[in-house]
Amino acid sequence: MNITVLAKFVPNPTGTPQLGADNLLMRDAGDGALDPGDEYGLELALQLVESQGGEVTVVTMGPDAALAGVRRALAMGAHKGVLITDPSLRGADALVTARVLAAAIARHPYDLVIAGAESTDGYTGTVPVTIAELLDIASVTAARKLELDGDGYRVERQTASGYDVLRSPSPTLVTVTAGATEPRYPSLKGIMAAKAKPVESLSAADLGVVDLTSMQSVASVLDAPAKAGGEIVTGDEAVGRIADLLQEAKVI
Amino acid sequence: MGSIWVYAGVTAEGPDPSALELLTKARSIGGDVAAVALGPGATAAADQLGAHGAATVYASDDTVFVDQPGRPAAHTLHALVQQHTPSLILFAGTYDARDVAGRLQAMTGSTLMANATDVLDATHGRTEIFGGTKIVDVELSGPEPRLVLVRPHSFAPEPAGGSSTVVPVVPVVGDGATTATVVERHSEVASGPKLEEASVVIAGGRGLGGPEPFAMLDELAAALGNAAVGASRAAVDAGWVPYSYQIGQTGKTVKPEVYISAGVSGALQHVVGMKGAKRIVAINKDADAPILKIADLGVVGDLFQIVPALTEEVRKRANS
């Protein structure tokens, strides 16, 4: 089976995010990483092809630096990489991003598309389903488990009160939440092998996506009113102070 | 300007609170306001949706909308959009509504703004980034309708006392080749008050180190009475507690009288779900944990000593 995994290169999740002079998030500031939320989907894809045969292709849209993320996915075990990098895609909105990624997916046959439920930097969470609609395929979001089931898939989807089990035909697009599985670390062998694996570099024009107009623009950025600094306590007085606060709030 | 629509979540128990919040906001923007309610309970919800500002409720009680999440609702909504040409559609920022909005966007080719905390007018949404330290106003352009996903609890619902006209809707359903179908449902029923309704919320994070210490939080909640236990995404992702515990961007939004965290670092993901609490208490062994910066009372120390001692102290004061 052929699985396409969508992966995003994000600013260092533990760093301090910065806006550039154009009010866009600075995405090429050196210490970016493969979105940790995408490693779960990649791991599921790798497990499926290890048991079923086939190939995993990782697709990323981002700046040149995003190649590091593609290489990491290849080092974990993905077979091929596609990096869509194009200066005109800087600041692309969700729809442009979805059109570009859908076009990249559609270039080759696929049985399954896997993405993270939402990115760690933007939290938009709609790009995958927009892609599913553009490709006219089924989708299941917020999956915590994904298995083959005959000629389709059995997917457990998180809900507010528990989870639902869905049956989905092939091909399907699935977004997975963190915790769906435990991602592997790239082995030294994997890192060496990744250097020889093919990475295709594409522009928006290569994919036939011509309308790159973003329909959202930042009108203003203001600092939120600073919250007055709270009190910090340590040691023996802590318990009494919390209990005092609970009494002030009339919840004891 | 065309009308403003609210994609209203409904169940057999009634409209989702988010639908009433969004209608209250839509009303304040002005113009005609309508709601689209798809799934069992839709027609019955029309009275409440009307009372909160929907002059028209496009409704279908068809079970296809819950059995096949996302696609049929998006296609049905698209048919309505083509017929009635609204200018703006507001959605709650839930997994289900995201799926509908995301698919609808592919068909309308219009813009979609996610994570909005306010809607200023038909062409401007507001959001907060970097853990709420910056407020960003975004101008929406391109073809109508513009689509905006709004974080739950961004507005207080207020009834206006109106009534609505129900317009029955025929579902647009695709074939089985393009749709996933629910075959089983599992509910994990929690005891005690709901997270969103409790006066005190106690959240556990990565610092708990495993599932067992959550029992310690349960004991504190029991001592307090009207209290519920939640968790950060890190604790849910680790499998220590179910997703229904999750507070934050992709989980629940809570606004209790007091929020107490134990071993939660304060990732942006979590903070957006709890920063509306009246009082924030954070217990963390790391003096640099970001959550201590937003806490009214920050405690730097060992939660494994502090939490049980606090439970004792609460019991003592409650009985005196």
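Two exercises on a predicted model follow, each with a worked solution.

**Exercise 1.** Describe the side of chain A that touches chain B: how many residues take part, which elements supply them, and how do they divide by class?

*Solution.*
1. Contact is counted when C-beta atoms, placed from the backbone, lie within 7 Å. By this criterion, 66 residues of chain A are in contact with 76 residues of chain B.
2. Elements of chain A that give two or more residues to this side include helix 3 (94-106), helix 4 (127-135), strand 7 (138-149) and strand 12 (216-223). Helix 6 (237-248) is also one of them, and with nine residues helix 6 of chain A gives the most.
3. Sorted by class, the side of chain A that touches chain B holds 36 nonpolar, 20 polar and ten charged residues.
4. Strand 12 of chain A also pairs across the chains: seven bridges join it to strand 9 (residues 134-140) of chain B, and the two run antiparallel. Within this pairing, Q216(A) stands opposite L140(B).

**Exercise 2.** Place strand 6 (residues 112-116) of chain A: is it mostly covered or uncovered, and which strands pair with it?

*Solution.*
1. Five of the five residues of strand 6 of chain A are buried, so the strand is mostly covered.
2. Taken by face, L112(A), I114(A) and G116(A) lie on one side, V113(A) and A115(A) on the other, and both faces are covered.
3. Strand 1 (residues 2-6) of chain A pairs with strand 6 of chain A in the parallel sense over three bridges; here I3(A) stands opposite L112(A).
4. Strand 10 (residues 172-176) of chain A also pairs with strand 6 of chain A in the parallel sense, over five bridges. In strand 10 of chain A, T172(A) is the bridge partner of L112(A).

Notes. Residues numbered from 1 in each chain as written. Chains lettered and ligands numbered in written order. Predicted model: local features only at pLDDT ≥ 70, side-chain atom pairs only at ≥ 80, totals over all residues. Contact = placed C-beta atoms within 7 Å. Helix = DSSP H or I, 4+ residues; strand = E, 2+ residues; numbered from the N terminus. Nonpolar A, V, L, I, M, F, W, Y, C, P; charged D, E, K, R; others polar. Pairing = 2+ DSSP bridges. Buried ≥ 20, exposed ≤ 12 C-beta atoms within 10 Å, placed from the backbone.
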